[in-house]
Amino acid sequence: MPSIFTHAIFATAVGKSFIHALVSVRFWVLTALCSILPDADVLGFAFGIRYGSLFGHRGITHSIAFAVLVGVVVALFAFRGTQAALSTRALIIYFTLVTLSHPLLDAMTDGGSGVALFAPFSTGRYFLPWRPIRVSPIGMRFFSERGLETLESEMVWVWLPSLLLCLAAWLYHKTKQAWFSH
Ligand SMILES: [Zn+2]
């Protein structure tokens with residue numbers, strides 16, 4: 001996995017670039033949480049679940065089906081009683097994509113096992129054809145030289161593009177505003 005901060009940074013940056021509606025803090029907290037949720041499966045290691053099993057790391061929680069499930073649950077329940085700036089359908093699509101951003105980033109890492117994108121229908125593990133991101137060590141091993149190397153690669157391949165995307169979206173928005181105000 002890229003480290004969890006990187007997942008959160010990426011999802012929030014993409015979200016910020018495309019969502020211009022006035023949304024609540026809860027919306028952004030949920031964006032960060034959904035983007036790291038798939039890695040809850042590392043808890044399975046403590047229970048002796050094998051890496052390669054359906055419930056192992058990068059298994060079912062890294063699938064499209066899981067992302068859709070999270071999208072639906074968050075859209076239906078997390079905004080109850082609040083004045084949501086987006087329709088339920090838009091929320092479902094948004095939080096599905098946010099959750100899905102996690103396995104897609106994982107699929108761009110150079111190590112570990114691929115992601116079970118089509119679970120539970122297929123147990124196949126997949127990587128994207130382009131895998132520039134150094135895989136992050138799991139747990140405390142993150143605080144090592146190897147961890148630093150990972151961080152550097154994540155900065156180059158995820159943080160920087162995220163920042164550039166935000167900047168481009170902001171510029172586009174400003175230009176559009178200036179254009180229409182004349
Ligand atoms: Zn992951």
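**Notes on a predicted zinc-bound model**

1. Start with a contact. Ser 162 touches Ile 9, Phe 10 and Ala 13, leaving aside residues up to four places away in sequence. Ser 162 is found in helix α6. Its relative accessibility is 3%, so Ser 162 counts as buried. Please keep in mind that this is a predicted model.

2. Helix α6 covers residues 145–180, and Leu 167 is part of it. Leu 167 helps make a nonpolar surface patch of about 640 Å². The other members are Leu 160, Leu 163, Leu 164, Trp 170 and Leu 171. Is Leu 167 buried or partly exposed? Its relative accessibility is 49%, so Leu 167 counts as partly exposed. Patch residues must have over 30% relative accessible area. Ser 162, by contrast, is buried at 3%.

3. Now the metal. Which residues coordinate the zinc ion? They are Asp 39 (OD), His 62 (NE2), His 102 (NE2) and Asp 106 (OD). The distances run from 2.0 to 2.2 Å. Along the chain, the donors follow the spacing D-x22-H-x39-H-x3-D. Asp 39 and His 102 link distant parts of the chain, 63 residues apart. Asp 39 sits in the loop between α2 (25–36) and α3 (43–46). His 102 sits in helix α5, residues 88–106.

4. What is the geometry of the zinc site? The site is irregular. There are 4 donor atoms, and the angles among them range from 89 to 169 degrees. A tetrahedral label needs all angles between 85 and 135 degrees. The upper value here is 169 degrees, so the site does not count as tetrahedral.

5. Look next at how covered these ligands are. Asp 39 has a relative accessible area of 6%, so it is buried. His 102 is at 0% and also counts as buried. Asp 106 is buried too, with a relative accessible area of 0%.

6. Asp 106 has a second partner. Besides coordinating the zinc ion, Asp 106 forms a salt bridge with Arg 58. The closest N and O atoms of this pair are 3.6 Å apart. The pair links distant parts of the chain: Arg 58 is in the loop between α3 and α4, Asp 106 in helix α5, 48 residues apart. Arg 58 has a relative accessible area of 0%, so it is buried. Both ends of this salt bridge are therefore buried.

7. The backbone of Arg 58 deserves a check. Its phi is near 65 degrees, a positive value in a residue other than glycine. Arg 58 lies in the loop between α3 and α4, the latter covering residues 64–78. Most residues other than glycine have a negative phi, and most peptide bonds are trans.

8. A cis bond is also present. Which peptide bond is cis? The bond from Ala 119 to Pro 120 is cis, with omega near 0 degrees. Pro 120 is found in the loop between α5 and α6.

9. How many salt bridges does a search of the whole structure find? The search finds 3. One of them joins Arg 58 and Asp 106. Another joins the side chains of Asp 110 and Arg 134, at 3.3 Å from N to O. Asp 110 and Arg 134 both lie in the loop between α5 and α6, so this pair ties together parts that are 24 residues apart in sequence.

10. Arg 134 also forms a salt bridge with Glu 149, and here the closest N and O atoms are 2.4 Å apart. Glu 149 lies in helix α6 and Arg 134 in the loop between α5 and α6, so the pair ties together parts that are 15 residues apart in sequence. Asp 110, Arg 134 and Glu 149 are thus linked in a network of salt bridges. How covered are they? Asp 110 counts as partly exposed at 34%. Arg 134 is partly exposed at 27%. Glu 149 counts as partly exposed at 35%. The Arg 58 end of the other salt bridge is buried, at 0%.

11. Last, Ala 21. It is found in the loop between α1 (4–18) and α2. Its relative accessibility is 31%, so Ala 21 counts as partly exposed. Ala 21 touches Ala 85 and Leu 86, not counting residues up to four places away in sequence. Ala 21 and Thr 99 are 78 residues apart in sequence, and their C-alpha atoms are 20 Å apart in space.

Notes:
Residues numbered from 1 in each chain as written. Predicted model: local features only at pLDDT ≥ 70, side-chain atom pairs only at ≥ 80, totals over all residues. Heavy atoms only, no water. Patch = residues over 30% accessible without salt bridge, like charges linked within 9 Å, V, L, I, M, F, W, Y side chains within 5 Å. Areas by Shrake-Rupley, 256 points an atom, 1.4 Å probe, with all protein chains shown as cover. Salt bridge = Lys/Arg side-chain N within 4 Å of Asp/Glu carboxyl O. Helix = DSSP H or I, 4+ residues; strand = E, 2+ residues; numbered from the N terminus. Buried < 20%, exposed > 50% of the residue type's maximum accessible area, 1.4 Å probe, protein only. Donors = N, O, S within 2.8 Å, 3.2 Å for Na, K, Ca; no water. Tetrahedral: all angles 85-135°; square planar, octahedral: opposite > 155°, others 65-115°. Contact = heavy atoms within 4.5 Å.
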